[in-house]
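Here are some exercises on helix packing and side-chain contacts. Try each task with the structure open before reading its solution.

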Amino acid sequence: ARSISVYGLPWFELSSLVEQLTASYQDWLAKQKNKFMLVEHELVALRDELEGHKGYLRDADLQQWVSKAGIAVAEFGVHPQVAAIANPALYQGFFGWLQNGSAMREARNTQWREAELERWSQWFDGIESSPLNPSQRQAVLMDDNRNLLLAGAGSGKTSVLMARTQY
């Protein structure tokens, strides 16, 4: 058991202070839970918007979502820990993207890219006179806002651009 020592206060005053603090906290928590119940559907919609995104998740798309979600959280005024208590799955999904968006984006895009590489493997083998190598295949699938393709002479840049156009 933990105890709090407050020097200079008689026990009866300390007891009433603790009761007052507890009542204030419980009142605040009840108000926060009510706020959360009113906006929970909007947070779920924002989370689903991102998690339901098909294809490669671009950095600009993630940044736009983070901005929109940050504004929503600020407007709603719900403390994240209240969301964690009220709806743990929503908290992990929604606030996980807010706090670790870049890492989650990279993991999601890696998973998507691997699935696409397997799905289009046969097509990559026959798109040009010789099959595209693994780095060329990844270059075809790369779909961020700005992509830079650097390669030496004769390495297949034109093949990548042709395959990307057809993909």
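A polar contact here is a pair of N or O atoms within 3.5 Å, where, within protein, one must be able to donate a hydrogen and the other to accept it. Keep in mind that you're working with a predicted model.

**Exercise 1. Find which backbone nitrogen lies 2.6 Å from a polar side-chain atom of Q32, and describe the surroundings of Q32.**

Step 1. Locate the residue: Q32 sits in helix α1.

Step 2. Check its accessibility. Q32 has a relative accessible area of 6%, and the cut-off for buried is under 20%, so Q32 is buried.

Step 3. Look for the partner. It's the backbone nitrogen of H79 that lies 2.6 Å from a polar atom of the Q32 side chain.

Step 4. List the other neighbours. Leaving out residues up to four places away in sequence, Q32 touches G77, V78, H79 and V82.

**Exercise 2. Work out how α1 and α2 are oriented relative to each other.**

Step 1. Recall what you need: two packed helices are described by the angle between their axes and the distance between the axes.

Step 2. Get those values. Helix α1 covers residues 11-51, helix α2 covers residues 59-76, and the two pack at about 180 degrees with their axes 11 Å apart.

Step 3. Apply the cut-off. Angles over 145 degrees count as roughly antiparallel, so α1 is roughly antiparallel to α2.

Step 4. See who makes the contact. From α1 come K35, V39, E42, L43, L46, R47, E49 and L50, and they meet L62, W65, K68, A69, A72 and F76 of α2. Sorted by class, that's nine nonpolar, no polar and five charged residues.

Step 5. Zoom in on one contact residue. A72 belongs to helix α2 and counts as buried at 9% relative accessibility. Its C-alpha atom is 8.6 Å from that of E42, although the two are 30 residues apart along the chain.

Step 6. Now take another pair. The C-alpha atoms of L38 and F76 are 9.0 Å apart, with their positions 38 residues apart along the chain. L38 also lies in α1, but L38 is exposed, with a relative accessible area of 63%.

**Exercise 3. Is α1 roughly parallel or roughly antiparallel to α4? Give the handedness of their crossing as well.**

Step 1. Start with the geometry: the axes of α1 and α4 come within 9 Å and cross at roughly 20 degrees.

Step 2. Angles under 35 degrees count as roughly parallel, so α1 is roughly parallel to α4.

Step 3. For the handedness, α1 passes α4 in a left-handed crossing.

Step 4. Go through the contact. F36, E40, L43, V44, L46, R47, L50 and E51 of α1 meet A89, L90, G93, F94, W97 and R108 of α4. These divide into nine nonpolar, one polar and four charged residues.

**Exercise 4. Describe where N87 sits and what its side chain reaches.**

Step 1. N87 is in the loop between α3 (80-86) and α4.

Step 2. Loop or not, N87 counts as buried, at 18% relative accessibility.

Step 3. Setting aside its neighbours within four places in sequence, N87 contacts F36 and E40. Both residues also turn up on the α1 side of the contact with α4.

Step 4. The N87 side chain reaches the backbone nitrogen of L90 at 3.0 Å.

Step 5. For a sense of scale, the C-alpha atoms of N87 and A74 are separated by 18 Å, with the two residues 13 apart along the chain.

**Exercise 5. Work out how α4 and α6 cross, then place R113 in the picture.**

Step 1. The axes of α4 and helix α6 (residues 134-141) come within 10 Å and cross at roughly 115 degrees.

Step 2. The range for roughly perpendicular is 65 to 115 degrees, so α4 and α6 are roughly perpendicular to each other.

Step 3. This crossing of α4 and α6 is right-handed. The contact brings together W112, R113, E116 and L117 of α4 with R137, Q138 and L141 of α6. By class, there are three nonpolar, one polar and three charged residues.

Step 4. Now for R113, found in helix α4 (residues 88-119). With a relative accessible area of 10%, R113 is buried.

Step 5. Beyond four places in sequence, R113 is in contact with Y56, E106, Q138, L141 and M142. Among them, Q138 and L141 belong to the α6 side of the helix contact.

Terms used:
Residues numbered from 1 in each chain as written. Predicted model: local features only at pLDDT ≥ 70, side-chain atom pairs only at ≥ 80, totals over all residues. Heavy atoms only, no water. Helix = DSSP H or I, 4+ residues; strand = E, 2+ residues; numbered from the N terminus. Buried < 20%, exposed > 50% of the residue type's maximum accessible area, 1.4 Å probe, protein only. Contact = heavy atoms within 4.5 Å. Axes fitted to C-alpha atoms, helices over the stretch in contact; angles between N-to-C directions. Left-handed = near helix turned anticlockwise from the far one by under 90°. Nonpolar A, V, L, I, M, F, W, Y, C, P; charged D, E, K, R; others polar.
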